[in-house]
Amino acid sequence: MGPALGQVASALGGITSTIENQDIFTSSIRAVWPIFTGGRITAAQTAAEGKKEEAQSQLAMEVQARYEDLSKYYFSVVLARNVVDTRIAAEKGLTKHRDFAIKLEEQGQIARVERLQAEASLAKAVVERKKAQHSLDIAEAALTQVLGQSETVEPRDQLFINENLPPLDAFVDQTLNTYPGLSILDAKEKQASSLMKAEKGKYLPRGLCLR
């Protein structure tokens, strides 16, 4: 045991140099050390915990954002397909209407201008169907890329509407309990509080002082 350690041991009532007593002495120093550093070590540890919690919440935010993006891409494909199906049905209906108009014109039952109107409506429907198909191709490509697949991804779910929505309070409570952004604020508040304690600790007595 060195001289300095021996002096401290004498002040404590004559601690011997046995391994057991040395262990007790070492743990005693660890226990009181933060007190006599003005609480700055404890504040630094708390700040580190706050940074860790912030990082975990940031990760949760990123995961949630990716999930939301995936949902948007997924149901964009579903919606685009429904639009294409609707445009195809409209085109088929107007094709029949145009064919019927041609026969009526041949029989002299309608004027030429009416047959031209039927053809114009069909031409417009064809354009709209092609635009819808193009939008679907883009949505499918985006979803496939987000999922990192080499082949086109085909969603199996359909669009849905919730018949009975829970009350607004349920959404508010769920947000308060699970939204990662609020946890980030809590973590930052913990860090700020720890920094304040560390700064106050600078004005407190420092150094190792055992009683």
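In which helix is the place of G93?

**View 1. G93 and its neighbour across the helices.** Let us start with this glycine: G93 sits in helix α3. The model shown here is predicted. G93 has a relative accessible area of 38%, so this residue counts as partly exposed. Its C-alpha atom lies 8.7 Å from that of L122, although 29 residues along the chain separate the two. L122 itself is listed among the buried residues of α4.

**View 2. The whole chain, as a setting for the close-ups.** Take a step back to get your bearings. The protein chain contains six helices and zero strands, and from the N terminus on the elements follow the order α-α-α-α-α-α. Of its 211 residues, 19% count as buried. The chain exposes about 15600 Å², with carbon and sulfur atoms supplying 57% of that area. Look also at who meets whom: among contacts between residues at least 6 apart in sequence, 75% join residues at least 24 apart.

**View 3. The largest nonpolar core.** In soluble globular proteins, nonpolar side chains tend to be buried together. Here the largest nonpolar core has 10 residues: Y74, V77, V78, A80, V84, A132, L136, A139, L143 and V153. Two elements, α3 (40-106) and α4 (112-146), each give two or more residues to this core. The largest share, five residues, is supplied by α3. Which residues does Y74 touch, not counting those up to four places away in sequence? They are L143, P155, R156 and D157.

**View 4. Helix α4 from end to end.** How many residues does α4 have, and what should they span? The helix has 35 residues, and at 1.5 Å a residue they should span 51 Å; the end C-alpha atoms are 52 Å apart, so the two values agree. The buried residues in α4 are R115, A118, L122, A125, A132, L136, A139, E140, L143 and T144. Just after this helix comes G148, where phi is positive at about 65°.

**View 5. E140, a glutamate in helix α4.** Is E140 buried or exposed? With a relative accessibility of 13%, E140 falls under the 20% limit and therefore counts as buried. You will find this residue in helix α4. Leaving aside neighbours within four places in sequence, E140 is in contact with V77, R81 and T152. One of these partners, V77, also belongs to the largest nonpolar core.

**View 6. A nonpolar patch on the surface.** Now turn from the core to the outside. Y73, V146 and L147 form a nonpolar patch on the surface, and together they have about 240 Å² of accessible area. V146 is a residue of helix α4. Its relative accessible area is 44%, so V146 is partly exposed.

**View 7. R87 and E128, a salt bridge between two helices.** By the rule used here, the count of salt bridges comes to eight. One of them joins the side chains of R87 and E128, at 3.9 Å from N to O. This pair links distant parts of the chain, with R87 in helix α3 and E128 in helix α4, 41 residues apart. R87 has a relative accessibility of 33% and so counts as partly exposed. E128 is partly exposed too, with a relative accessible area of 21%. Keep K131 in sight as well: R87, E128 and K131 are linked in a network of salt bridges.

**View 8. R115 and its two glutamate partners.** Which residue forms a salt bridge with E105? The partner is R115, and the closest N and O atoms are 2.6 Å apart. The pair links distant parts of the chain: E105 belongs to helix α3 and R115 to helix α4, 10 residues apart. E105 counts as partly exposed because its relative accessibility is 22%, while R115 is buried because its relative accessible area is 14%. The side chain of R115 also meets that of E119 in a salt bridge, at 3.2 Å from N to O. Because R115 and E119 are four residues apart in helix α4, about one helical turn separates them. E119 has a relative accessible area of 28%, so this glutamate is partly exposed.

Key
Residues numbered from 1 in each chain as written. Predicted model: local features only at pLDDT ≥ 70, side-chain atom pairs only at ≥ 80, totals over all residues. Heavy atoms only, no water. Core = buried A, V, L, I, M, F, W, Y, C linked by side-chain atoms within 4.5 Å. Buried < 20%, exposed > 50% of the residue type's maximum accessible area, 1.4 Å probe, protein only. Contact = heavy atoms within 4.5 Å. Patch = residues over 30% accessible without salt bridge, like charges linked within 9 Å, V, L, I, M, F, W, Y side chains within 5 Å. Areas by Shrake-Rupley, 256 points an atom, 1.4 Å probe, with all protein chains shown as cover. Salt bridge = Lys/Arg side-chain N within 4 Å of Asp/Glu carboxyl O. Expected span 1.5 Å × (residues − 1).
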